[in-house]
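User: I am new to this structure and should be grateful for a close look at one part of it, the place where its helices meet. Please explain any term that the account depends on.

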Amino acid sequence: MKIFVAIAFILIIASLGSALFFLMRDKGRSNRTVQALAMRVGLSITLFLIVLASYKLGWITPTGIR
């Protein structure tokens, strides 16, 4: 599960980077920035729902603050 979450975070950061690249390159003339940011939001919501479902199914457990 740790590897999955790490890969998801990398994809979210990559999507944010591509949105910045499209913003700088297209100067607001295309929808590629909006699409990249929408992809980032979708990935973030999906990751949250997967972590929530994993907790409910018992695949991950909280360890608390030590």
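Analyst: A definition comes first: two residues are in contact when heavy atoms of theirs lie within 4.5 Å. The model is a predicted one, and the description below should be read as an account of that model.

The part in view is formed by two helices. Helix α1 covers residues 2–26 and packs against α2 at an angle of about 165°, the two axes being 8 Å apart. Helix α2 covers residues 32–57. Angles over 145 degrees count as roughly antiparallel, and α1 and α2 are therefore roughly antiparallel to each other. Their crossing is left-handed. As to composition, the residues in the contact of α1 with α2 comprise 17 nonpolar, four polar and three charged ones.

T33 serves as a starting point. This residue belongs to helix α2. With residues up to four places away in sequence left out of the count, T33 touches A19, F22 and L23. One of these partners, L23, is also reached in another way: the side chain of T33 comes to 3.2 Å from the backbone nitrogen of L23. Is T33 buried or exposed? Buried residues have under 20% relative accessible area; T33 has 14% and is therefore buried.

S54 is a further residue of helix α2. Its relative accessible area is 1%, so S54 is likewise classed as buried. A polar atom of the S54 side chain lies 2.8 Å from the backbone oxygen of I50. When neighbours within four places in sequence are set aside, the contacts of S54 are M1, W59 and I60.

The last of these leads beyond the helix, since I60 is placed in the segment after α2, which follows the DSSP assignment of helices. I60 touches M1, V51, S54 and Y55, again without counting residues up to four places away in sequence. M1 thus appears among the contacts of S54 and among those of I60. The relative accessible area of I60 is 24%, and the residue is partly exposed. Between I60 and I50, which are ten residues apart in sequence, the C-alpha to C-alpha distance is 11 Å.

V41, in helix α2, gives a view across a longer stretch of sequence. V41 and S15 are 26 residues apart along the chain, and their C-alpha atoms are separated by 9.4 Å. V41 is partly exposed, with a relative accessible area of 41%.

Two residues of helix α1 complete the picture. I3 lies in α1 and has a relative accessible area of 65%; residues over 50% count as exposed, so I3 belongs to that class. Its C-alpha atom is separated by 16 Å from that of T61, a residue 58 places away along the chain. M24 also lies in helix α1, and at 54% relative accessibility M24 counts as exposed. M24 and R40 are 16 residues apart in sequence, and their C-alpha atoms are 18 Å apart in space.

To return to the starting point, T33 is buried and touches A19, F22 and L23, while α1 and α2 pack with their axes 8 Å apart.

Conventions
Residues are numbered from 1 along each chain as its sequence is written. This is a predicted model: local features need pLDDT of at least 70, side-chain atom pairs count only at pLDDT 80 or more; totals for chains, interfaces and linings use all residues. Side-chain values use heavy atoms; hydrogens and water are left out. Helices (H or I, at least four residues) and strands (E, at least two) are DSSP runs, numbered from the N terminus. Buried means under 20% relative accessible area, exposed over 50%, partly exposed in between (1.4 Å probe, protein chains only). A polar contact is a pair of N or O atoms within 3.5 Å; within protein, one must be able to donate a hydrogen and the other to accept it, and residues adjacent in sequence count only if both atoms are side-chain atoms. Axes are lines fitted to C-alpha atoms, for helices over the stretch in contact, and angles run from 0 to 180 degrees between N-to-C directions. Angles under 35 degrees count as roughly parallel, over 145 as roughly antiparallel, 65 to 115 as roughly perpendicular and the rest as oblique. A crossing is left-handed if the near helix is turned anticlockwise from the far one by less than a right angle, and right-handed if clockwise. Ala, Val, Leu, Ile, Met, Phe, Trp, Tyr, Cys and Pro count as nonpolar, Asp, Glu, Lys and Arg as charged, and the others, Gly among them, as polar.
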